[in-house]
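Biologist: Please show me the model, and then let me ask how its descriptive terms are justified.

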Amino acid sequence: MREEDIVREGIIAAIPRLRAVAISLTGNTDRADDLVQETMLRAYANIEKFQPGSNLGAWLFTILRNQFRSEYRKRKREVEDVDGRHVESLTASPEQFGKVEFNELRSALTLLPPEQREALVLVGASGFSYEEAAEICNCAVGTIKSRLNRARTRLSQILAMPGSNATPEDVGSSDSRNAMDIATLAPRNVENSEG
Amino acid sequence: MGAESLVRRKPQVDMTKKETTRKTGPGSQRKGPTPAAVDRELQAKIGAQLRAMHDDIIEQGVPDRFQELLARLDQSKSKG
């Protein structure tokens, strides 16, 4: 098998994991799949730039992460263009996909700043090492650790909030109303404050 | 390298195990879990759920959309 074919096989094998990370990052299946598709196209287009023997996973997830960030910036700009009117569209609305029991967590994730979300999803969910996550996010290992800490603290605050019904006993509660409660905590009361 | 290195994941650690042997100091008895313990427990639950959600998506495999995209990419590649 030629080197390029091996890389191609690796890209295909990575799709489920790329999707899992993308869905947790965006909170939205369609946007996640667009992100994965863009990642694949870029990886294919740059396949000869991949160094044989280096970490293919880190390479692919770096592409995915950069794509996520530029997408995020673009959305943010678009939002600002319309007077901050649609700030809520920045964070995905709680969407019904996958298992209901994860709705609450999914909504809570979208409330984290992107850099904390990245650290938490890469290390806490996908099992990357601190070093790999630092490489993917192009930052120091210590930065990843502190982002991860802040993400965990923030997330448990969100999930333990009165009104979210999330106690240590039922973080996995399948009451889908919880997801809505959490969503309303998002900083999106722009319409009200504009008077 | 290759496919295996991508699928590999950390072993699933049961983080809740750690919490059971704590709280032996004076004044901590019979008062229920300390706020810190509750916090740790909640974080462990969140961690477990993050991984469960992640694995749930992975189990969906490769959607048709990507199979089709791959076929198209390979076709255009072989045409030069």
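The exchange below takes several terms in turn and sets each against its definition.

Modeller: This is a predicted model, in which local features need pLDDT of at least 70, side-chain atom pairs count only at pLDDT 80 or more, and totals for chains, interfaces and linings use all residues. Residues are numbered from 1 along each chain as its sequence is written, while chains are lettered from A and ligands numbered from 1 in the order in which they are written.

Biologist: What makes helix 5 of chain A mostly covered?

Modeller: A residue is buried if 20 or more other C-beta atoms lie within 10 Å of its own, exposed if 12 or fewer, and partly exposed in between, with C-beta atoms placed from the backbone. In helix 5 of chain A, 10 of the 12 residues are buried, among them A:Glu118, A:Leu122 and A:Val123. Helices (H or I, at least four residues) and strands (E, at least two) are DSSP runs, numbered from the N terminus.

Biologist: Why is A:Asn138 called exposed?

Modeller: A:Asn138 has 11 other C-beta atoms within 10 Å, and is therefore exposed. A:Asn138 lies in the loop between helix 6 (130–137) and helix 7 (141–160) of chain A, and has a positive phi of about 55 degrees although it is not a glycine.

Biologist: Why is helix 5 of chain A called oblique to helix 6 of chain A?

Modeller: The axes of the two helices come within 10 Å and cross at roughly 140 degrees. Axes are lines fitted to C-alpha atoms, for helices over the stretch in contact, and angles run from 0 to 180 degrees between N-to-C directions. Angles under 35 degrees count as roughly parallel, over 145 as roughly antiparallel, 65 to 115 as roughly perpendicular and the rest as oblique. The angle therefore makes helix 5 of chain A oblique to helix 6 of chain A.

Biologist: Which residues make that contact, and how do they divide by class?

Modeller: Helix 5 of chain A contributes A:Glu118, A:Ala119, A:Leu122 and A:Val123, and helix 6 of chain A contributes A:Tyr130, A:Ala133, A:Ile136 and A:Cys137. Contact requires C-beta atoms, placed from the backbone, within 7 Å. There are seven nonpolar, no polar and one charged. Here Ala, Val, Leu, Ile, Met, Phe, Trp, Tyr, Cys and Pro count as nonpolar, Asp, Glu, Lys and Arg as charged, and the others, Gly among them, as polar.

Biologist: What makes helix 5 of chain A and helix 7 of chain A roughly perpendicular?

Modeller: Their axes come within 8 Å and cross at roughly 95 degrees, and the helices are therefore roughly perpendicular to each other. This contact has six nonpolar, two polar and six charged residues.

Biologist: What is meant by the largest nonpolar core, and which element gives the most to it?

Modeller: A nonpolar core is a set of buried Ala, Val, Leu, Ile, Met, Phe, Trp, Tyr and Cys residues joined through C-beta atoms within 7 Å. The largest has 48 residues, and those touching the most other members include A:Leu122 and A:Ala133. Helix 1 of chain A gives the most to this core, with 10 residues.

Biologist: How many residues does each chain give to the contact between chain A and chain B?

Modeller: The contact takes 32 residues from chain B and 36 residues from chain A. Helix 2 of chain B gives the most to the side of chain B that touches chain A, with 16 residues.

Technical notes:
Two residues are in contact if their C-beta atoms, placed from the backbone, lie within 7 Å.
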